[in-house]
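Trainee: Got a minute to go through this one with me? I'd like to get a feel for how the pieces fit together.

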Amino acid sequence: MSDSIPSSFNPPANFYWQTEKVRLRPLQISDAEKKWQEWFDTETRRFLESQLDLPPVSLEEYTRQLEDICEFKDTSRMISFAIDNLSCEFVGWINMFKGDPKHGNFSFGISIFREHWRKGYAENAVHLILRYGFYELRMHKCNSECLANNQASIRLHHKLGFQEEGLKRETIFMDGAYHDIVLFGLLGSEFS
């Protein structure tokens with residue numbers, strides 16, 4: 001549970017950063033250990049990074065690195081959020097990458113911790129980021145991509161209204177084989 005949000009926290013129904021399943025909040029130093037533990041889940045890391053990570057740095061070093069993005073200290077290129085369920089349990093994280101404001105494009109990266117998969121948390125969190133990008137930051141388009149063998153991510157993109165815009169064939173070499181990348185796009189006018 002977050003240090004700054006008590007378990008009794010009950011915001012009004014119109015709180016912008018909350019849906020019927022999740023609430024977004026700033027990442028905090030107290031989230032470091034749970035986020036660091038995710039590095040030991042090779043399958044998750046491969047879907048997220050499209051590569052095999054080197055062994056994780058120490059928890060102390062990871063915590064130090066996380067300090068730079070905690071509490072929205074620098075939001076010039078990326079905004080990092082923790083994802084809590086409505087019981088104030090830290091269930092994952094999402095980053096919004098602002099891209100080039102001139103062109104109005106942005107993207108995101110998301111990870112839900114394995115024990116919380118298939119509960120609708122990812123869909124709800126991405127929806128909040130899309131709403132913020134399109135309706136508050138006046139962005140025009142959200143670009144996204146995932147490995148072609150990441151069926152859960154492909155389903156999520158389709159459910160959120162993204163259109164498949166292309167395929168980068170055999171772009172990623174991982175686990176002894178080449179893998180395709182599926183490209184997605186969603187225009188602000190298509191978002192609902």
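**Sheet, core and helices**

Mentor: Sure. Let's begin with a pair of strands: strand 5 and strand 7 pair in the antiparallel sense, over seven bridges. Keep in mind that this is a predicted model.

Trainee: Okay, and which residue stands opposite Glu145 there?

Mentor: That's Leu183, in strand 7.

Trainee: What order do the strands of the sheet come in?

Mentor: The order is 1-2-3-4-5-7-6, so to speak a list of seven strands in an open sheet with mixed pairing. Strand 1 and strand 6 (163-174) are at the edges with a single partner strand each, so one side of each has no neighbour in the sheet. From one strand to the next, the twist averages 30°.

Trainee: What holds paired strands to each other, in general?

Mentor: Backbone hydrogen bonds, and the strands can be parallel or antiparallel.

Trainee: Does anything lie across the sheet? I mean, which strands does helix 2 lie across?

Mentor: Helix 2 (residues 42-49) lies across strand 3, strand 4, strand 5 and strand 6, and runs at about 175° to strand 4.

Trainee: Switching to the inside: how many residues are in the largest nonpolar core?

Mentor: It has 32 residues, and Leu24, Ile83, Ile94 and Leu130 have the most contacts inside it. Several elements supply at least two residues each, including strand 1 (22-26), strand 3 (90-97), helix 5 (151-159) and strand 7 (177-187). The largest share, eight residues, comes from helix 4. Apart from this core lies another one of 10 residues, with Leu27, Trp36, Cys70 and Ala82 among them.

Trainee: Back to Leu130, what does it touch?

Mentor: Leaving out residues up to four places away in sequence, Leu130 touches Phe106, Tyr135, Cys142, Phe162, Leu186 and Phe191.

Trainee: And which residues of helix 4 are buried?

Mentor: Tyr121, Asn124, Ala125, Val126, Leu128, Ile129, Leu130, Tyr132, Gly133 and Phe134. The length of helix 4 agrees with expectation too: at 1.5 Å a residue its 16 residues should span 22 Å, and its end C-alpha atoms are 22 Å apart.

Trainee: What comes after helix 4?

Mentor: Arg138 follows helix 4, and its phi is positive, near 60°.

Trainee: Last one: is Thr63 buried or exposed?

Mentor: Thr63 counts as buried, because its relative accessibility is 16% and the cut-off for buried is under 20%. Thr63 is in helix 3 (residues 59-66), and it touches Ile29 and Ala32, not counting residues up to four places away in sequence.

Technical notes:
Residues numbered from 1 in each chain as written. Predicted model: local features only at pLDDT ≥ 70, side-chain atom pairs only at ≥ 80, totals over all residues. Heavy atoms only, no water. Core = buried A, V, L, I, M, F, W, Y, C linked by side-chain atoms within 4.5 Å. Buried < 20%, exposed > 50% of the residue type's maximum accessible area, 1.4 Å probe, protein only. Helix = DSSP H or I, 4+ residues; strand = E, 2+ residues; numbered from the N terminus. Contact = heavy atoms within 4.5 Å. Pairing = 2+ DSSP bridges. Axes fitted to C-alpha atoms, helices over the stretch in contact; angles between N-to-C directions. Expected span 1.5 Å × (residues − 1).
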